[in-house]
Amino acid sequence: MPGSYHLQDILSRRGLVSLLAIAAVAGGATAAFAYTGGWLSPGRLKPAKIINALEGHDGRHEGFRRAHAKGLCVVGHFDGNGQGLGLSKASLFRQAVTPVIGRFSLAGGVPNAGDGRVTFHSLALKFDLPGGEQWRMAMNHVPVFPVATPQAFLDFQLATTPDPATGKPDPAKVQAYMARHPETKAFADYMAKAPLPSSFANASYNSVNAFRFTSDQGQTRLVRWIFTPEAPFAELDKATLASQPRDFLFDEVAGRLAQGPLVWHMSVILPNAGDPTDDATKPWPDDRQRIEVGTLTIDRAVTEDDGPCRDVNFDPTILPAGVAASDDPLLAARSSVYAVGYTRRTGEPAAPSALAHDPAFPAPAPNGPNAASPQPQPAKEPAQ
């Protein structure tokens, strides 16, 4: 099945195994960072071409997202602490409660893929702010991304698309791509060595791209952000991935939420002079200044079949006053590709999610999860 093959079978040499491991990630996560506005110039990449490449990589699964096809809705709220208002005038940072819906997911375009894969753990969020504003985020547990440009993303998809005759990528194409893109090789090496979170609940989630914050005083700065969990980190044993139950990660987080809410602390990361703000493949050092701006609480999870996230387009360029996209070419690209994918899937028959009949997820309450989000509280004055 495209996207679920074992890349270790392609080549025996260890170095190439680590490079090819990234192909498992390619089946969807990278769609979040594709080229936009291509229809305005015949010589530029068109959004539909990106979506077609994703469908060629993992197959066309009608009614599902072309990226991060397997997911779980979540409902909760965000408590601002007032400290973010010195950086951005966004109302999320006031000392108030903001309702949020979101989605846990794994990278890949195969809806029924097993959870036992070395790939992104992701969290998307939609904050409903006063005055009809929204802030949408799409974050990964890794701090960087495997490609730096839209064209590299497309080339990567094509190079790692399985050959219909073998069900695996062509090693020669993968080698040729990697030779041209050392940043992707570095990411593959990182994924091969870095520990995987054992749960959606104990993973940190990163903006990956930089964004532009503007304060009420008109001061503008470029930032990234991270959501750090209160749950202590534990490592997933990569050697056991193939033997794990199909939905073990989603079942595990459902079990945690049955015991009580899950909490993350949002911190804004400020770069030093010279830190790259237009290249998502380059990390910022861990010693950069961080300002904690609030707390995300997830109260419960519900399958997409009954939950509020199924038809939400988590386009991270939907931003409130005080927040804008940076000049990262990947970030500027996302919106139109998201729109093409959204239009395709919402025009197709809806199919049951992989978790539709999972006993870990009880039937929703009579009023449904959509009606149960906490209501925003009146804003308080920021702490002095």
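This is a short selection-by-selection tour of a predicted model.

**The whole chain**

Start with everything shown as a cartoon. You're looking at 8 helices and 12 strands. Colour by burial and you'll find that buried residues account for 56% of the 384 in the chain. Switch on a surface and the exposed area comes to about 15,700 Å², with 53% of that supplied by carbon and sulfur atoms. If you like contact maps, take the contacts between residues at least 6 apart in sequence: 78% of them join residues at least 24 apart.

**The main nonpolar core**

Next, select Phe-104, Phe-127, Trp-135, Trp-225 and Phe-227. These are the residues with the most contacts inside the largest nonpolar core, a set of 48 residues. Add helix H7, residues 248-259, since that element gives the most to this core, with 6 residues.

Now centre on Trp-225. Which residues does Trp-225 touch once its neighbours within four places in sequence are left aside? The list includes Trp-135, Met-137 and Met-139, then Tyr-205, Asn-206 and Ser-207, as well as Phe-211 and Phe-213. Met-266, Ser-267, Val-268 and Ile-269 are also in contact with Trp-225.

There's a second, separate core to pick out too: it has 25 residues, among them Leu-45, Ala-107, Phe-145 and Leu-330.

**A threonine in strand S2**

Jump to Thr-98, in strand S2 (residues 97-106). Buried or exposed? Thr-98 is buried, at a relative accessible area of 4%. Show what's around Thr-98, skipping neighbours within four places in sequence, and you get His-77, Phe-78, Leu-92, Phe-127, Asp-128 and Leu-129. Phe-127 should be familiar from the list of best-connected residues in the largest core.

**Where H5 meets H6**

Select helix H5 (residues 171-180) together with H6, and look at how they cross. Their axes come within 5 Å, at an angle of roughly 110 degrees. Angles of 65 to 115 degrees count as roughly perpendicular, so that is the label for H5 and H6. For the contact itself, put sticks on Tyr-177, Met-178 and Arg-180 from H5, and on Pro-182, Thr-184 and Lys-185 from H6.

While you're here, click on Ala-188, which is found in helix H6, residues 182-193. Ala-188 is buried, with just 1% relative accessibility. Draw a distance from its C-alpha to that of Met-178: the two are 10 residues apart along the chain and separated by 9.8 Å.

**Salt bridges**

Time for the charged side chains. Side chains of opposite charge can pair when their charged atoms come close. How many salt bridges does a search of the whole structure find? The count is 17.

Begin with Arg-66 and Glu-55, whose closest N and O atoms are 2.9 Å apart. Arg-66 sits in the loop between helix H3 (47-58) and strand S1 (71-80), while Glu-55 belongs to H3, so this pair ties together parts 11 residues apart in sequence. Both ends are buried: Arg-66 has a relative accessible area of 8%, and Glu-55 comes in at 12%. Widen the selection to Arg-60, Arg-344 and Glu-348, which join Glu-55 and Arg-66 in a network of salt bridges.

Move on to Asp-275 and Arg-288, with 2.6 Å between their closest N and O atoms. Both lie in the loop between strand S10 (262-269) and strand S11 (290-302), so the salt bridge ties together parts that are 13 residues apart in sequence. Asp-275 is buried at 13% relative accessibility, and Arg-288 is buried at 14%.

For a last pair, try Asp-247 and Arg-246, which meet at 2.9 Å, N to O. Here Asp-247 counts as buried at 9%, whereas Arg-246 is partly exposed at 37%.

**Two backbone oddities**

Finish with the backbone torsions. Most residues other than glycine have a negative phi. Select His-68, though, and you'll find a positive phi of about 55 degrees. His-68 is in the loop between H3 and S1 and counts as buried, at 10% relative accessibility.

Val-208 also has a positive phi, about 70 degrees, without being a glycine. Look for Val-208 in the loop between strand S6 (205-206) and strand S7 (211-214), where Val-208 is buried at 2% relative accessibility.

Notes:
Residues are numbered from 1 along each chain as its sequence is written. This is a predicted model: local features need pLDDT of at least 70, side-chain atom pairs count only at pLDDT 80 or more; totals for chains, interfaces and linings use all residues. Side-chain values use heavy atoms; hydrogens and water are left out. A salt bridge is a side-chain nitrogen of Lys or Arg within 4 Å of a carboxyl oxygen of Asp or Glu. Helices (H or I, at least four residues) and strands (E, at least two) are DSSP runs, numbered from the N terminus. Buried means under 20% relative accessible area, exposed over 50%, partly exposed in between (1.4 Å probe, protein chains only). A nonpolar core is a set of buried Ala, Val, Leu, Ile, Met, Phe, Trp, Tyr and Cys residues joined through side-chain atoms within 4.5 Å. Contact means heavy atoms within 4.5 Å. Accessible areas come from the Shrake-Rupley method with a 1.4 Å probe; for residues, only the protein chains shown count as cover. Axes are lines fitted to C-alpha atoms, for helices over the stretch in contact, and angles run from 0 to 180 degrees between N-to-C directions. Angles under 35 degrees count as roughly parallel, over 145 as roughly antiparallel, 65 to 115 as roughly perpendicular and the rest as oblique.
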